[in-house]
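Me: Hey, I'm new to this one and could use a walk through it. Can I throw some quick questions at you?

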Amino acid sequence: MAGHAIPHFHNTDGHSAINIGVREFMCVGANPPMDHPHVFLDMGDDVERVCPYCSTLYRYRPELKADETQPAGCAFERDAA
């Protein structure tokens, strides 16, 4: 996630849900070139949020680090895409 002030996540593998360690983040859909507009999502006080573009369900898990996901590998890295 280097280069991003706000964590970015992707769902290239089509997971039904992704657990993340932050409540404010960006969803990019799949890795480029199959990404959608990079949309900012804020869970507020909730623990789940659905991306309006790709319908990925994100769940907040406080035990995870900001760049950690379950399943692993869903943190978007611009240089790796």
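Me: Let's jump right in: where is P33 found?

Reply: P33 is in the loop between β3 (24-29) and β4 (35-42). Keep in mind that this is a predicted model.

Me: What kind of peptide bond joins P32 and P33?

Reply: A cis one, with omega at about 10 degrees. Most peptide bonds are trans.

Me: What about the bond from Q70 to P71, cis or trans?

Reply: The bond from Q70 to P71 is cis, and its omega is near 0 degrees. P71 itself is in the segment after β7.

Me: Let's zoom out. How many helices and strands does the protein chain have?

Reply: There are 0 helices and 7 strands. Going along the sequence, you read β-β-β-β-β-β-β.

Me: How do the strands get arranged? Start with the sheet of 4 strands: what is its order?

Reply: That one is an open sheet with the order β5-β6-β2-β7, and its pairing is mixed. The edge strands are β5 and β7, each of which pairs on one side only.

Me: Mixed how? In which sense do β2 and β6 pair, parallel or antiparallel?

Reply: Parallel: β2 and β6 (residues 57-60) share 4 bridges. With β7 (residues 69-70), β2 pairs in the antiparallel sense over 2 bridges. As background, strands of a sheet pair through backbone hydrogen bonds, either parallel or antiparallel.

Me: I keep landing on N19. Which strand is N19 found in?

Reply: N19 is in strand β2. In β6 its bridge partner is R59, and in β7 the bridge partner of N19 is Q70. Along the same topic, I20 has T69 as its bridge partner in β7.

Me: Is N19 buried or exposed?

Reply: N19 counts as buried because its relative accessible area is 13%, and the cut-off for buried is under 20%.

Me: And what does N19 touch, leaving out residues up to four places away in sequence?

Reply: With those left out, N19 touches R59, R61, L64, E68, T69 and Q70. There's also a distance to A72, 53 residues along the chain from N19: their C-alpha atoms are separated by 9.2 Å.

Me: Which way do the residues of β2 point?

Reply: In β2 (residues 17-20), A17 and N19 point one way and I18 and I20 point the other way. All of these are buried.

Me: OK, on to the sheet of 3 strands. What's the order there?

Reply: The order is β1-β3-β4, again in an open sheet with mixed pairing. β1 (8-9) and β4 stand at the edges with a single partner strand each, so each has one side without a neighbour in the sheet.

Me: How many bridges do β1 and β3 pair over?

Reply: They pair over 2 bridges, in the parallel sense. One residue to look for is F9, whose bridge partner in β3 is C27.

Me: Switching topic: what is the sign of phi for S55?

Reply: S55 has a positive phi of about 65 degrees, although S55 is not a glycine. Most residues other than glycine have a negative phi.

Me: Where is S55 found, and is S55 buried or exposed?

Reply: Look in the loop between β5 (48-50) and β6. S55 is exposed because its relative accessible area is 53%, and exposed means over 50%.

Me: What about overall shape? What radius of gyration does the protein chain have?

Reply: The protein chain has 11 Å. For 81 residues, a compact globule would come in near 12 Å, so the value agrees with that. Along the principal axes, the C-alpha trace spans about 30 × 25 × 20 Å.

Me: What share of the residues is buried?

Reply: Buried residues are 41% of the 81 residues. As for the surface, the protein chain exposes about 4,600 Å², and carbon and sulfur atoms supply 48% of that.

Me: What share of the contacts comes from residues 24 or more positions apart?

Reply: Of the contacts with a separation of 6 or more, 46% are between residues 24 or more positions apart.

Me: Last one: how far apart are the mean positions of the positive and negative charges?

Reply: They are 3 Å apart, counting 6 positive and 12 negative charges in the protein chain.

Definitions and conventions: Residues are numbered from 1 along each chain as its sequence is written. This is a predicted model: local features need pLDDT of at least 70, side-chain atom pairs count only at pLDDT 80 or more; totals for chains, interfaces and linings use all residues. Side-chain values use heavy atoms; hydrogens and water are left out. The radius of gyration is taken over C-alpha atoms; the globule rule is 2.2 Å times the number of residues to the power 0.38. Buried means under 20% relative accessible area, exposed over 50%, partly exposed in between (1.4 Å probe, protein chains only). Contact means heavy atoms within 4.5 Å. Accessible areas come from the Shrake-Rupley method with a 1.4 Å probe; for residues, only the protein chains shown count as cover. Lys and Arg count as positive and Asp and Glu as negative; His and the chain ends are not counted. The place of a charge is taken as NZ of Lys, CZ of Arg, CG of Asp or CD of Glu. Two strands pair if DSSP finds at least two bridges between them.
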